[in-house]
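Good morning, and thank you for making time for this presentation. Please have the sequence and the structure in view as I speak.

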Amino acid sequence: MRKLVRRLRSNVRGALFSIFKIWLRVRPTTGYLSCAGRSDGGGAQLHATLSTQLLCNDFKIQYLHTPFSSIEHKPANWSEKEWLEKWENYLDLGDGFPTRSQIDYKNFEIVSAKSPLEAVARLLKNRSRKVIVEVRECHDYADRHAKNYQSIISKYQTDQKSPIIAVHVRRGDVTSSHQTFRFTSAENIKSHIGQVINDFPNNENEVVLYSASSDSDLTELSKFDWKLDTSSNVFEVLNALRSAEIQVMSKSSLSYIGALFSSGVVYYQRFWHSPLPGWKLLK
């Protein structure tokens, strides 16, 4: 019964998104939509920003870029300022979009929304007023239309390919007893790599596991001549995922960002964010 209720609610939200999209195209808003108010990891914030840009692109809403102000997992050897600048400059997601200082935001009313549907509704309600609607993310819409990411990410994709099978393993803050819904066991990792090897039997690329932790179950995988990399920083890992000929995802927004901007083969591990067309499903 609960599943049925959730499905019905999801269908209603989907229908409302469709109605609001038509309405906004007929009667455009003068307001802006911005992704703001987050303090979690950098991968999650890039993902949230892109989901908001996707919705704006689909609904013909003006996107206003809010630079990152707080990001978790800062290494001890980087200052807070350096850490924020590195994330802000990594993809430069604000490039080509206005910022608050450029629109004289003090003359705008700031409105918060708890969901992308509420954000669109508030823009419709205030379509003739100077308003900035802030939302934490727009995944509820973006995951329904994941294929539409392709229309906004082309300028960030790289044609460079590294001859590796890059396997992202979410560990550190994820263990078999903490955030277990994100955890992937070494046995499953082995199975996933086996699936890749079966699909590409003539591929001789090096297998590299990227993780924040050298857990014993991961180090044991080295007996298969697979490399475990725990020393690369998060930006080096993202670059490796983006440029790998084959990427194996974890249940992570960092993986998702690497996969979005990959021009290689992507193996998707089912979790709460939808895959793009062409991604292969891990068994």
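I shall go through a sheet, a helix, the empty spaces and two individual residues. Please bear in mind throughout that this is a predicted model.

Let me begin with the sheet. It is an open sheet of 4 strands, arranged in the order β2-β1-β4-β3, and the pairing is parallel. Which strands stand at the edges? They are β2, residues 62-63, and β3, residues 109-113. Each has a single partner strand, so one side of each is left without a neighbour in the sheet. Helix α2 packs on this sheet, where it touches β1, β2 and β4. The direction of α2 makes about 160 degrees with that of β1. Turning to one pair of strands, β1 covers residues 32-35 and β4 covers residues 131-135, and the two are joined in the parallel sense over 4 bridges. Within this part of the sheet, Ser-34 stands opposite Glu-134 in β4.

I turn next to helix α10. How many of the residues of α10 are buried? The count is 8 of the 8, so the helix is largely enclosed by the rest of the structure. Among these buried residues are Ser-253, Tyr-256, Gly-258 and Leu-260. As for what surrounds them, the buried residues of α10 pack against the helices α2, α3 and α9, and against the strands β5, β8 and β9. In that list, β8 spans residues 244-248 and β9 spans residues 265-268.

Now to the empty spaces. Rolling a probe the size of a water molecule over the atoms shows where empty space is left. The largest pocket has a volume of about 710 Å³. It is lined by 31 residues, and those closest to its centre are His-73, Arg-170, Ala-212, Val-234 and Leu-254. The elements that give two or more residues to this lining include α3 (80-91), β6 (206-211), α9 (234-243) and α10 (253-260). Which element gives the most to the lining of the largest pocket? That is α2, with 3 residues. By class, the lining of this pocket divides into 11 nonpolar, 14 polar and 6 charged residues.

There is also 1 cavity of 30 Å³ or more. The largest cavity has a volume of about 60 Å³. Its lining includes Val-167, His-168 and Val-169, together with Arg-170, Thr-184 and Gln-269. Two elements, β5 (162-169) and α7 (186-199), give two or more residues to the lining of the largest cavity. Of the elements, β5 gives the most, with 3 residues. The lining of the largest cavity has 5 nonpolar, 5 polar and 1 charged residues.

I close with two individual residues. Arg-25 lies in helix α1, which runs over residues 2-26. Arg-25 is partly exposed, with a relative accessible area of 48%. Setting aside neighbours within four places in sequence, Arg-25 is in contact with Asp-58 and Lys-60. Arg-25 and Ile-61 are 36 residues apart in sequence, and their C-alpha atoms are 9.0 Å apart in space.

The second residue, Asp-217, is found in helix α8, residues 216-219. Is Asp-217 buried or partly exposed? Asp-217 is partly exposed, because its relative accessible area is 23% and buried means under 20%. Beyond its neighbours within four places in sequence, Asp-217 is in contact with Arg-171, Phe-183 and Ala-186.

Methods:
Residues are numbered from 1 along each chain as its sequence is written. This is a predicted model: local features need pLDDT of at least 70, side-chain atom pairs count only at pLDDT 80 or more; totals for chains, interfaces and linings use all residues. Side-chain values use heavy atoms; hydrogens and water are left out. Buried means under 20% relative accessible area, exposed over 50%, partly exposed in between (1.4 Å probe, protein chains only). Contact means heavy atoms within 4.5 Å. On a 1 Å grid over the protein atoms alone, a cavity is a set of points where a 1.4 Å probe fits but cannot get out, and a pocket is an open set with protein on both sides within 12 Å along at least five of seven lines; lining residues have an atom within 4 Å of a point. Grid points are joined across faces, edges and corners, and a volume is the space filled by probe spheres set on the points. Ala, Val, Leu, Ile, Met, Phe, Trp, Tyr, Cys and Pro count as nonpolar, Asp, Glu, Lys and Arg as charged, and the others, Gly among them, as polar. Two strands pair if DSSP finds at least two bridges between them. Axes are lines fitted to C-alpha atoms, for helices over the stretch in contact, and angles run from 0 to 180 degrees between N-to-C directions.
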